[in-house]
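Me: Could you take a close look at one part of this model with me? I am in my first year, so please explain the terms as you go.

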Amino acid sequence: MRKAMTWLAAGGAFVLVMAACTPGGDDNGDDGDGEAGGELVWAIGGAEAQPGGVHQQVAELWSEQNPDNPIRIELLPEEADQQREQQALELQAEGSGFDVLGVDVIWTGEYSENGWVESLEDVRAEIEEASLPGAFESATWGGELWAAPYNTNAGFLYYRTDLVEEPPTTWADLCQVGVAAAEAAGIQPFIGQGAQYEGFVVNWLEYYWSAGGELYNEDQTEVLFDTELAAQVTQFMADAIAQGCYAPGFNTAQEEPARNEFQQGNVVFMRNWPYVYGLVNEDTGSPANGNFDIAPLPTVTGEGTISALGGFNNAVSAFSDNKDAAIDFVTWAATDPEPQTLLATEASVPPTMESVYEDLSDDPVMALLGEVLPDAKPRPPAPQWNEISVEMQRALHPAVNGQGDIQSAVESVRDFLEGTIE
Amino acid sequence: MAETRTAPPERNRAPTGRGGPRARRKGLSERALARLFIAPSLLVMGLVALFPVIYAMVLSLYSYTRRQRTGFGGLDNYVDALTDGRFWSALQFTLTFTVTSVAAEFLIGLGFALLMNRTFRGRGITRAAILVPWVIPTVIAAQMWFFMFNVTPGFINTIFGLGDFSWIGQPGWATFAIVFADVWKTAPFVALLLLAGLQTIPAEMGESGLVDGANAFQRLWYITLPLLRPAILVALLFRTVDALRVYDLVVVMTGGAFDTESLSVLVQQFVVRTPDPGFGSALSTITFVLILGIGLIFVRMLGRDIMVGRGAER
């Protein structure tokens, strides 16, 4: 998912400048001009795509091994929504500027239905064998493989070992323990991703799913949205804000503000992605440094754990002039231990190759990922996901913040989901 | 008035020119020639300015499922838009934002302009300092104010000792924060426009007011402001039209949460984020008409003002 490793003001400003300046990819008029082989362009965003990031290292590794078809990263914005917009602008115009697309797990359906990506059925067996089942599933739509898994992601519960003895297993426990511990330490209990954006939907779904709720049935022909459960978890979150279990910055926080709160020692618990682990571990000035650990996310019922599955897959653009080489690249990035191990060792970016987890089981992050990934749940990779997500944000975010009625909010979500089935 | 003064001689010349043998020898009349020369630039302007607008109007008549056109829908998209509560709340925010931010920018900008118009030591530095916020790109200013207002890192809360007050995490205050950031950023621009107007006012006017015994407020109210009227209208026109299109501040600071969704954010959602080109175009056409209408009112007032001004001079 969205990972940022930039610092406060300067970092934020830089990201925005990058977002504003990143071209649609038309600046590379050199590919497709009849050169045999030729350079591939990989449109991917986020902190790891920047110079020095692990995606760059993976690109360099490939370019060294394949001097005929080197690959270059076209840096997309930090925000997933904006990455998608940049790619959509190019693909909508049937532009050949991008050969390989870094595709968020929730865009698979949309991209395939729009005819923007090549089917990877020819290399399916190879990829399926190497990849984690959840990640593989996220790259398929309508029974067909549209992308090669590249990295996956799951949420962790970060907790302060100096303030609480063991991680809670239910969200209600978390609030109870958290409020007491926070009061004693003079800080706040919990932070997650509560700003009105995709991350909020992810956080909300983790409560809803862990209470036993579902959005659709398996093949998305029927809506299983349970308004009663949805109202319960929404009420829980609203109470958690009103009663001070969630830190005051919760409802404006994305990943990075949440990480900052935890890293500065302002919260007892945090829900965030694995990348935070390395950053807090390296920051010796942080009060959390040496005093924190990671655990599976709590649930509503106290049984098991559940996390929303994140991550990026690599798809081949249907408008690429160099599809064969692009297919070779995405297959290699999914099935070769070298790039996959790089992801884990260089950046705590969870790889999708099963065997890498066995090789790296000494690493606490990889060990916990190995534990929670089998229970991670993909958001429906439907073509409508983006619309569904925006609607859920619009309905549920105000409800969680005590503006507007919870019952009518969850009903409007159900109605919207019903409308997506025809 | 200016029109009627210059028109008669032309009208007298034209018939003889067009009918006389001289004109025929010369080919086109002066007026036709002028039209011919202007035609290419009008064409280019038409293509650049009007084509997208008309194209959006055409698109708004079709219905779509995501990016695929599914048929002709007539005015369905407009009916949907105007019956959608979301449109009305976006309109409400946009108007609230426009009225409050433009009013505050005008008052502060006028103050700055009056200050900058005086002669004092360090005037150059003061002018430069006042203009700094305006030079900063809006997204960066927005991100900066996000950090200032947000609970983390919460600079404003730290400075004023407000603890964990969540400025942008609740309705009302979120709007305030966005208006505040806009005023901070654009008041200097208003000041610049008003300063240009102030500098065209001869100093003797104020001096004679002084001789007649008018106090500072009377001189401002009865001399400066009336003479500044055209500049004020230009400044208000620019700012109002600009404020009605507000997008970047909202997206960066709140993402449209807490009742701060503006019309442009709504349009962007349906054009880019969750594409429905028909509905998106209908929304953008409505926004366009609204802004055009308000813009025209200003231009009307401005046009009359300039004419009345010229008449008075003569």
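Reply: A:Glu94 counts as exposed because it has 11 C-beta neighbours inside 10 Å. The cut-offs work like this: a residue is exposed if 12 or fewer other C-beta atoms lie within 10 Å of its own, buried if 20 or more do, and partly exposed in between, with C-beta atoms placed from the backbone. Keep in mind that this is a predicted model, where local features need pLDDT of at least 70, side-chain atom pairs count only at pLDDT 80 or more, and totals for chains, interfaces and linings use all residues. Residues are numbered from 1 along each chain as its sequence is written, while chains are lettered from A and ligands numbered from 1 in the order in which they are written.

Where does A:Glu94 lie? You will find A:Glu94 in the loop of chain A between helix H3 (80-92) and strand E3 (100-104). Helices (H or I, at least four residues) and strands (E, at least two) are DSSP runs, numbered from the N terminus. The backbone of A:Glu94 has a phi near 55°, a positive value in a residue other than glycine.

Now look at chain B for another residue of this kind. B:Phe258 is not a glycine, yet its phi is positive, at about 55°. This residue sits in the loop between helix H12 (248-253) and helix H13 (263-273) of chain B. B:Phe258 counts as buried, because it has 27 C-beta neighbours inside 10 Å.

One more loop of chain B is worth a visit. B:Pro153 is found between helix H7 (138-149) and helix H8 (155-160), and a cis peptide bond with omega of about -5° joins B:Thr152 to B:Pro153.
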